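Here is a short briefing on one protein chain. Look over the sequence and the fold, then read the points below.

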Amino acid sequence: METSPYTGLQSLPNIVQQLPKVNESNEKQIHENLVAVEAYLSNSILDLSIPDHRAAANQIQDWTINATSSTEAFAQEAPYAAGMDIVNRCSNKVTGLRILSHLQGLHISSFDSSAALVACLAAFTDLKDPWTTEDSFYLAQSMLTKHIGSVKDDSQRFDRLIVELLLDHVKPLFLKSKPSVLTDQGRKATAPLPGTAVPSDFESGSKPWKFQSPHILTVFHWVLEQLNGTMVEKHWSLIIPPLLTILDDVSIPLKIRGCQLLKILLKAVPPSLLERSGLGSVFHDTLMPYLLFLPSLTPEEESIPLLNATYDTLLSLTLTRYKSSETKSTKIKTLDAILRYGILKGYTHAGEKVRIAELLVKKSTDLVNAMGIYCVKHLKDLLPITSTVLTAPFATAYPPLLDASVQLLKAIIVNGWPRLAYHRAEILEGLLICWTRIREENEPTTALVAVKENIEDVLHAVVQLLSDDQGMREELQLLRDCDAHLETLLKV
């Protein structure tokens, strides 16, 4: 049975002397020391009234933070990541967090170490990260809640904490990969210098946030969630460079992460700041090309999450930039461009991929709802898409696409109802053919039954809206005469 490295040591100062340097230790040494420190803290009654012991406890905290925060081996691009023992490394993270929890209970944390501690805990706030397990997630959340609760009560102190996180933890990792379109103040450069091409062999040196410390993205995510409008404006120059760097990266997962981070920032950013800094257009121009990351050039499993994140962020950006009534026409023009450049081109190039088609139809619904009555100019392009989907011979094989198309028609009817009479034949054709095919299914699935019910709701809305139109009444009567099953469905 292995003996603890601290067998016989009865004081915290003695333990500190035995701790190895994190950057000079292998994973096994880190593991042994973390386990031993946790065992000592769990089974000892500590007297921190002794100055040397309190200082030693702070040193143990700093060492544990360094050992727990290291995520280099988890970087997806790291050449050695594939063969590592993820379970053991994740176990070390949990042990480190338990040590920090013990020390938190002793109330040793000074404000000087607060930012480092918060950065360490914030690194475990996303369960999608490979270094985060459920245990480490809940431990970190619990400690963050206690630690931040005491800091948030003092707005100046909390602001200093955010500055420290951005200035000392985030910014240094992004210094070598700053976007050329920005000034030092985080504003749009009027005459940007051409970007410097970095050979892939040397990219790891210029992007430590990607290859050595990928956890900083999660820390940055957490920081953005804490910001309000005043803090965003105050710390703009610290927020924008890393955000644009992440968005501009060649890696599709990082582009997705950048979209998510921007969407979080947009919840707090004052609309006037986007225009004053010139970055509203920079973000828009950065995101628009991502709308054409489509199969077959982009694998479908990467294209779908990127398109989903990009459309959501572009819509959020547009609605944030143009909130006032004075900018309404510009907002509509921007939404028009997203629909034409993204949805219609995307459907032309990759509409045969049902999952891509489903996503594009869903995002069309979001755009139609954002446009309101101004969506009518696009009905000549959108209605043929819904008709093609609903009347396809094997459409019932993929109910999610059918449901998305029905929801798009519902949005068109709600927002573009003044033009409903003109397009009624195309709308009714798609809905009735799809409804009939589902009705004729021997054993329709639950998903198909739900689609059928949604179609019935839309048909009832169409019939009621156009019930005063004599031509419509005659057409409905002809349809009822042709198929008795439509008698109730199309009743005026």
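A charge sits over a ring if NZ of Lys or CZ of Arg is within 6 Å of the ring centre and within 35 degrees of the ring normal. Arg419 meets this test, lying over the face of Tyr422 at 4.6 Å from the ring centre.

The model is predicted: local features need pLDDT of at least 70, side-chain atom pairs count only at pLDDT 80 or more, and totals for chains, interfaces and linings use all residues. Residues are numbered from 1 along each chain as its sequence is written, and side-chain values use heavy atoms, with hydrogens and water left out.

**The chain as a whole**

- The chain has 24 helices and zero strands. Both are DSSP runs, numbered from the N terminus: helices are H or I with at least four residues, and strands are E with at least two.
- Of its 492 residues, 51% count as buried. Buried means under 20% relative accessible area, exposed means over 50%, and partly exposed is in between (1.4 Å probe, protein chains only).
- About 23500 Å² of the chain is exposed, and carbon and sulfur atoms supply 53% of that area. Such areas come from the Shrake-Rupley method with a 1.4 Å probe; for residues, only the protein chains shown count as cover.
- Among contacts with a separation of 6 or more, 74% are between residues 24 or more positions apart. Contact means heavy atoms within 4.5 Å.

**Nonpolar cores**

- A nonpolar core is a set of buried Ala, Val, Leu, Ile, Met, Phe, Trp, Tyr and Cys residues joined through side-chain atoms within 4.5 Å.
- The largest one holds 132 residues. Leu165, Phe220, Trp236, Ile240, Leu265, Phe283 and Ile455 touch the most other members.
- Apart from that core lies another, of 17 residues, including Val16, Tyr40, Leu41 and Ala57.
- What does Leu265 contact, leaving aside its neighbours within four places in sequence? Its partners are Leu224, Val232, Trp236, Ile239, Ile240 and Leu243.

**Aromatic pairs**

- The structure holds four aromatic pairs. Rings of Phe, Tyr and Trp (its six-membered ring) pair if their centres lie within 6.5 Å; planes under 30 degrees apart count as stacked, over 60 as edge-to-face and the rest as tilted.
- Phe137 and Tyr138 are edge-to-face because their planes meet at 80°, with ring centres 5.1 Å apart. Phe137 is buried, at 14% relative accessibility. Tyr138 is exposed, at 52%.
- Phe174 and Trp209 are stacked, at 5.1 Å centre to centre and 10° between the planes. This pair links distant parts of the chain: Phe174 is in helix α7 (residues 155-174), Trp209 is in helix α9 (residues 208-211), and they are 35 residues apart. Both residues are buried.

**Helix α18**

- Helix α18 covers residues 354-371, 18 residues in total. The expected span of a helix is 1.5 Å times one less than its number of residues. For α18 that gives 26 Å, and its end C-alpha atoms are 25 Å apart, which agrees.
- Of the 18 residues in α18, 13 are buried.
- Ser364 lies in this helix. Is Ser364 buried or exposed? Ser364 is buried because its relative accessibility is 2%.
- Not counting residues within four places in sequence, Ser364 contacts Ile343, Leu382 and Leu408.
- Gly372 follows α18 and has a positive phi, near 70°. Most residues other than glycine have a negative phi.

**Helix α22**

- The 20 residues of α22 should span 28 Å, and its end C-alpha atoms are 29 Å apart, which agrees.
- Its buried residues include Leu448, Asn454, Ile455 and Val463. Among the elements covering the buried residues of α22 are α20 (399-415) and α21 (424-439).
- Val449 also sits in α22 (residues 446-465). Val449 is partly exposed, at 33% relative accessible area.
- Val449 and Pro399 are 50 residues apart in sequence, yet 9.4 Å apart in space, C-alpha to C-alpha.

**A cis peptide bond**

- Pro295 and Ser296 are joined by a cis peptide bond, with omega about 10°. Most peptide bonds are trans.
- Where is Ser296 found? Ser296 is in the loop between α15 (279-287) and α16 (300-321).
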